[in-house]
Amino acid sequence: MKILVINGVNLNMLGVREPDLYGKKDYKTLVKEIKAHAKATGVKVKCVQSNCEGCIVGYIQRALGRYDGIVINPGAYTHTSVAILDALKAVQIPTVEVHLTDVDQREDYRKISYVSEYAFLRVTGKGFQGYFEALDALKKKVSK
Ligand code: DQA
C-alpha cells in the first residue's frame, strides 16, 4: 500500500512559525516521524510539501494510478482552494484531511474547508499524531 502525504503552504515553516500553535518540531522531523510510523505499520509513504497551489494540484493529479491513499494538510489553502478539492474529486483516491491545530476552534475563516467535502475523514488538533491516525485510517479503509 502506497500513501502520498501532501503538506501545503507554510508547513515547511514548522518549528519557526507560531510555535505556541504549531509546536517546536520542524518539517524534517514531521517527515521522519511519518516515515517511522509508516514503516512500523507496513505502509509505504512519500511526503511532499509545496507553497504553491498549482503544484499541490499537480501532486494530486500525478497520484492517479500510483497511490492508494492521500493524507493532505493543505495549510491555508484548505479554506480557499476549490482547485485542490476538484483535483481530489478527479482522481477519486481515498483521502484524509489533517490539521495540526483544531481549526474549528480558531478564527471563523478557518472553519470553512473545501477539502472536507471530499475527504472521508478529518483529523484536527492532534499535532503530528493526526498524521499517524490518518495513515492508520487509510490503511484500514484501503485494505478492506
Ligand atoms: C493548518 C491550519 C490552517 O488554518 C493554517 O492556515 C495552516 C495550518 C493546521 O495544520 O492546523 O497553515 O492547516
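Let's start with Val-115. It sits in the loop between strand S4, residues 95–99, and strand S5, residues 121–124. Keep in mind that this is a predicted model.

Is Val-115 buried or exposed? Buried: its relative accessible area is 1%. The cut-off for buried is under 20%, so Val-115 qualifies.

Now pair Val-115 with Val-96. In sequence, the two are 19 residues apart. In space, their C-alpha atoms are 9.1 Å apart. Val-96 falls within the 95–99 range of strand S4.

On to the ligand. Where is it? The space it takes is the largest pocket.

Which residues are around it? Going along the chain, we have Val-9, Arg-17 and Tyr-22. Then come Asn-73, Gly-75, Ala-76 and His-79. After those, His-99, Leu-100, Thr-101, Val-103 and Arg-110 complete the shell. By class, that shell holds five nonpolar, five polar and two charged residues.

Next, the polar contacts. I'll take three, each to an oxygen atom of the ligand. Thr-101 places a polar side-chain atom 2.6 Å from a ligand oxygen. His-79 also uses its side chain, with an N or O atom 2.7 Å from a ligand oxygen. Ala-76 works through the backbone instead: an N or O atom there lies 3.2 Å from a ligand oxygen.

And how much of the ligand does the protein cover? On its own, the ligand has 320 Å² of accessible area, and the protein covers 99% of that.

To recap: Val-115 is buried in its relative accessible area of 1%, and the ligand takes the space of the largest pocket.

Terms used. Residues numbered from 1 in each chain as written. Predicted model: local features only at pLDDT ≥ 70, side-chain atom pairs only at ≥ 80, totals over all residues. Heavy atoms only, no water. Near = heavy atom within 4 Å. Polar contact = N/O pair within 3.5 Å; in protein donor to acceptor, adjacent residues only side chain to side chain. Areas by Shrake-Rupley, 256 points an atom, 1.4 Å probe, with all protein chains shown as cover. 1 Å grid on protein atoms, 1.4 Å probe; cavity = no way out; pocket = protein on both sides within 12 Å on 5 of 7 lines; lining within 4 Å. Sits in = over half its atoms within 2 Å of the grid points. Nonpolar A, V, L, I, M, F, W, Y, C, P; charged D, E, K, R; others polar. Helix = DSSP H or I, 4+ residues; strand = E, 2+ residues; numbered from the N terminus. Buried < 20%, exposed > 50% of the residue type's maximum accessible area, 1.4 Å probe, protein only.
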